[in-house]
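Trainee: I have a structure open and want to learn how to read it. Can we go through it feature by feature?

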Number of protein chains: 2
Amino acid sequence: METNTVNQQVSAPAEMIISPEALLEHWQGHRRLTRKVIEAFPEDKLFTYSVAGMRSFGDMAIEIMDMSSDGMDGIITGQWKTINEMDHITGKSPLKTKEAVLKQWDQITEQLNQNWQQLPPERFLEVELAFNAYEGKIIDSILYFIDNEVHHRAQSYVYLNSLGIERPAFWDRF
Amino acid sequence: METNTVNQQVSAPAEMIISPEALLEHWQGHRRLTRKVIEAFPEDKLFTYSVAGMRSFGDMAIEIMDMSSDGMDGIITGQWKTINEMDHITGKSPLKTKEAVLKQWDQITEQLNQNWQQLPPERFLEVELAFNAYEGKIIDSILYFIDNEVHHRAQSYVYLNSLGIERPAFWDRF
C-alpha cells in the first residue's frame with residue numbers, strides 16, 4: 001500500500017496565472033489608451049505627420065486594427081488573410097479621417113468582446129498558422145498583436161512630443 | 001437522487017491560459033530584443049542622443065532595469081523601494097557606458113530566472129502595493145513592467161531611425 005501511495009503522487013498540472021477574461025481586459029485597457037492617443041492627434045496630422053522618416057501614426061493605427069481584427073477573424077474562423085492582403089500593406093484602407101478611424105476602432109472593441117465568447121480556454125493553447133505564415137500558439141499570436149500595438153503607440157508618443165502635444169499617461173487604461 | 005445530481009453540477013473553475021514559465025519566456029524574449037537595441041546604439045549616443053526633447057535611450061534603459069530588478073525584488077521580499085529611490089528618478093545610476101549597461105542587463109536576466117523559482121503560481125494572483133504606491137495583483141505589476149519596456153524600447157526605434165541605424169526586427173526575440 002505504501003508503494004501504491006507513492007505511485008499515486010503524480011505531479012499536479014502547472015497552475016496558470018492569466019485567465020481569458022483577464023487577457024481581454026488587459027488588451028482592451030491598452031486599446032482604451034491607444035484610442036486616447038488617436039483622439040489627441042490633430043486631425044490634419046494623423047495621416048501626414050511623422051518623425052525620422054517613419055510612417056504616419058494613422059498608418060500605424062490601421063496596422064494595429066488590421067492585426068486585431070483580421071487576426072481575431074482568422075483565429076475564430078480558421079480563414080486567414082495573408083499579410084499582403086491587409087489594408088496597411090495594400091495601402092487601400094478606406095479610412096482617411098480621425099472620425100472614420102475611431103468608428104472602426106470602436107467596432108473592433110465590440111468584435112473582440114464577441115470573439116472572446118467564441119474561444120474556449122483550451123483553444124488559446126492550440127497551434128495555428130497565423131496569417132498563413134506564422135506558426136504558434138494562439139495565445140502567443142494574441143500577445144504579439146497586443147505588443148505590436150504598444151510598440152507603435154509608443155512611437156506616436158514621440159510624434160506627439162515633437163508636436164508639443166501632451167501625451168496620455170502610459171498607465172491610463174480606463 | 002436526480003436533485004442531488006443537479007446540485008453537484010458546480011461550475012468548473014475558469015481555465016487559465018498562461019503559465020508562469022510561459023510568462024517568463026515571453027518577458028525574456030522581449031529582454032533579448034531590448035538587449036539587441038542597446039547593442040545597436042552607438043556608444044557615444046546612448047546617453048546623449050534623443051528626439052523631440054525626450055530622454056536618452058540610456059536613461060530609459062536604466063528605467064527598464066529599475067522596474068525589472070527593483071520590481072521583482074519587491075515582489076520576492078515584500079520590501080519595496082519607493083519610486084523616488086529608483087536610479088532613473090534620482091539620476092544617480094552608476095551606469096555610464098554601454099558595456100556597464102549590458103553587464104547589469106545580463107545580471108538581471110539571471111535574477112529574473114532565479115526570482116521565478118521563488119514564486120509559486122498562486123503568488124501571481126495576490127495583491128501587493130507595488131513600490132508602496134500601486135495596488136494590484138502581482139501578475140498585473142509584471143505585465144506593467146513588460147509593457148513599459150516595450151513602450152520605451154519602441155521610442156528608441158525612432159531614435160535609431162533618425163540616426164540612420166537599422167532597427168532590430170520587432171519579432172526577433174531569440
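**Reading the core, a helix and the pairing**

Mentor: Start with the core of this predicted model. The largest nonpolar core has 65 residues, and the members touching the most others are Ala61(A), Ile139(A), Ile142(A), Ala61(B), Ile139(B) and Ile142(B).

Trainee: Which helices each supply at least two residues of this core?

Mentor: In chain A they are H2, H3, H5 and H6. In chain B they are helix H2 (20–40), helix H3 (57–77), helix H5 (98–117) and helix H6 (138–162). Take one member, Ala61(A). Setting aside residues up to four places away in sequence, Ala61(A) touches Ile38(A) and Val101(A).

Trainee: How do I read a single helix, such as H2 of chain A?

Mentor: Begin with the general idea. An α-helix has 3.6 residues a turn, so residues three or four places apart point the same way. Now the case here. H2(A) covers residues 20–40, 21 residues in total. Its span from first C-alpha to last is 30 Å, close to the 30 Å expected at 1.5 Å a residue.

Trainee: Which residues of H2(A) are buried?

Mentor: Pro20(A), Leu23(A), Arg31(A), Thr34(A) and Val37(A) are. They lie on the same side of H2(A) because their arc around the axis is only 110°. The face turned away from that buried side carries the exposed residues Glu21(A) and Glu39(A).

Trainee: What do the buried residues of H2(A) pack against?

Mentor: Three helices of chain A: H3 (57–77), H5 (98–117) and H6 (138–162).

Trainee: How do I read the place where two chains meet?

Mentor: In general, the size of an interface is often given as the accessible area lost when the parts come together. Here we count residues instead. In this model, 31 residues of chain B are in contact with 30 residues of chain A. On the chain B side, H2 and H6 each supply at least two residues. H6(B) gives the largest share, twelve residues.

Trainee: What rotation superposes chain B on chain A?

Mentor: A rotation of 180°, with 0.0 Å of shift along its axis and an RMSD of 0.0 Å. That is the relation of a two-fold axis. The same surface serves both copies, as 97% of the contact residues of chain B recur in chain A.

Trainee: Where is the lowest mean pLDDT among the elements of chain A?

Mentor: In helix H1(A), residues 2–8, at 42, while H5(A) has the highest, 98. Over residues 1–13 of chain A, pLDDT stays under 50, and the model has zero contacts there beyond four places in sequence. Chain A has a mean pLDDT of 92. For the complex, the predictor gives an ipTM of 0.91 and a pTM of 0.91.

Methods
Residues numbered from 1 in each chain as written. Chains lettered and ligands numbered in written order. Predicted model: local features only at pLDDT ≥ 70, side-chain atom pairs only at ≥ 80, totals over all residues. Least-squares fit on C-alpha atoms with pLDDT ≥ 70 in both. Contact = placed C-beta atoms within 7 Å. Helix = DSSP H or I, 4+ residues; strand = E, 2+ residues; numbered from the N terminus. Expected span 1.5 Å × (residues − 1). Buried ≥ 20, exposed ≤ 12 C-beta atoms within 10 Å, placed from the backbone. Arc of directions from axis to C-beta. pLDDT = per-residue confidence, 0-100. Core = buried A, V, L, I, M, F, W, Y, C linked by C-beta atoms within 7 Å.
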